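Trainee: Can we go through this one together? I'd like to see what stands behind each label.

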Amino acid sequence: MEALLREMESYAQENHVPIINEGARDAFCRIVCEERPHRVLELGTAIGYSALLMAGKGAEDIEIVSLELNEARAAKAREFIRRSSYKDRIQVLSGDAAELLGSLHGSFDFVFMDAAKGQYPRYFRQILPLLEKRAVILADNVLFRGYVLSKERPPRRFRTIAKRLREYIRVVQDTPGFTTEILQEGDGLAVSRRNGT
Ligand code: SAH
Ligand code: MG
């Protein structure tokens, strides 16, 4: 498993695949270890790196459904996952996350949100009905290169993303039943815990 993860890290670096930032990896693993999730929904599989990390840190009976828009990446993810001992526990669905979410059933106790940054507020509304009463949503890249909390205006091409990420943070913070913590590690992680009521 360790060798496979190292190989994936090299592949990601060579092919410019934005797998979870090295600076955020420890925090990511710590949170997954603490939660030990059973049913995980991931938005943005890329090559399956974070999915395999979660599989190794979650509950014994973990099941992961992961959504990826890019066909080639989804295929690469399936290939890596097949070589692991979690091949029957991780399902990669290819397509647009917002569309796939509309056809998903079941309840999840953990969500890793890491697909289109500008869609986070929409994803949040879509996953709410799929969540268990006690659940955690971990959203990656919420500080987006520092632009989200900075008073300076981001460059034009990043403005919409920064605005949507601010909106995401506000919406989870304002949703009753959720407690949200923003971690500075990596590109920023938002940990939103639903407390079970
Ligand atoms: N979670 C992965 C990294 C994901 S990178 C890891 O840490 O290992 C973000 C991924 O989201 C990219 O592979 C990109 O293709 C995918 N993505 C972008 N827009 C998407 C969308 N609308 N629906 C699903 N996936 C999307
Ligand atoms: Mg990310």
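Mentor: Sure. Keep in mind that this is a predicted model. Let's start with the pocket: α3 and β2 each supply at least two residues of the lining of the largest pocket.

Trainee: What volume does the largest pocket have, and which residues are closest to its centre?

Mentor: About 580 Å³ of space lies in it. The lining has 29 residues, and the closest to the centre are Pro18, Arg73, Asp114, Ala115 and Lys117.

Trainee: What makes a residue part of that lining?

Mentor: A lining residue has an atom within 4 Å of a pocket point.

Trainee: Asp114 also caught my eye at the metal. How do you know which residues coordinate the magnesium ion (ligand 2)?

Mentor: The cut-off for a donor atom is 2.8 Å. Asp114 (OD), Asp140 (OD) and Asn141 (OD1) sit at 2.1 to 2.2 Å from the ion, so they count as donors under that cut-off. Along the sequence, the spacing reads D-x25-D-N.

Trainee: Where in the fold do Asp114 and Asn141 lie?

Mentor: In distant parts of the chain, 27 residues apart. Asp114 is in the loop between β4 (108–113) and α6 (120–127), while Asn141 is in the loop between β5 (131–140) and α7 (156–174).

Trainee: Why is Asp114 called buried?

Mentor: Buried means under 20% relative accessible area. Asp114 has 13%, so it qualifies. Asn141 has a value of 13% too, so it is also buried.

Trainee: And why do you say that α3 is largely enclosed?

Mentor: Because seven of its nine residues are buried. Those are Tyr49, Ser50, Ala51, Leu52, Leu53, Met54 and Ala55.

Trainee: What does α3 touch in the sheet?

Mentor: Helix α3 (residues 49–57) packs on β1 (39–43), β2, β3 and β4, and its direction makes about 165 degrees with that of β1. Helix α2 (residues 22–35) lies across β4, β5, β6 and β7 (189–195), at about 15 degrees to β7.

Trainee: How do you know that β2 and β3 are paired?

Mentor: Pairing takes at least two bridges. Five bridges join β2 (residues 63–68) to β3, so the two strands pair, and they run parallel. Glu68 stands opposite Ser94 in β3.

Trainee: What makes β3 and β6 edge strands?

Mentor: The open sheet of seven strands has the order β3-β2-β1-β4-β5-β7-β6, with mixed pairing. β3 (90–94) and β6 (178–183) each have a single partner strand, so one side of each is left without a neighbour in the sheet. The twist averages 15 degrees from one strand to the next.

Conventions
Residues numbered from 1 in each chain as written. Chains lettered and ligands numbered in written order. Predicted model: local features only at pLDDT ≥ 70, side-chain atom pairs only at ≥ 80, totals over all residues. Heavy atoms only, no water. Donors = N, O, S within 2.8 Å, 3.2 Å for Na, K, Ca; no water. Helix = DSSP H or I, 4+ residues; strand = E, 2+ residues; numbered from the N terminus. Buried < 20%, exposed > 50% of the residue type's maximum accessible area, 1.4 Å probe, protein only. Axes fitted to C-alpha atoms, helices over the stretch in contact; angles between N-to-C directions. Contact = heavy atoms within 4.5 Å. 1 Å grid on protein atoms, 1.4 Å probe; cavity = no way out; pocket = protein on both sides within 12 Å on 5 of 7 lines; lining within 4 Å. Points joined across faces, edges and corners; volume = space filled by probe spheres on them.
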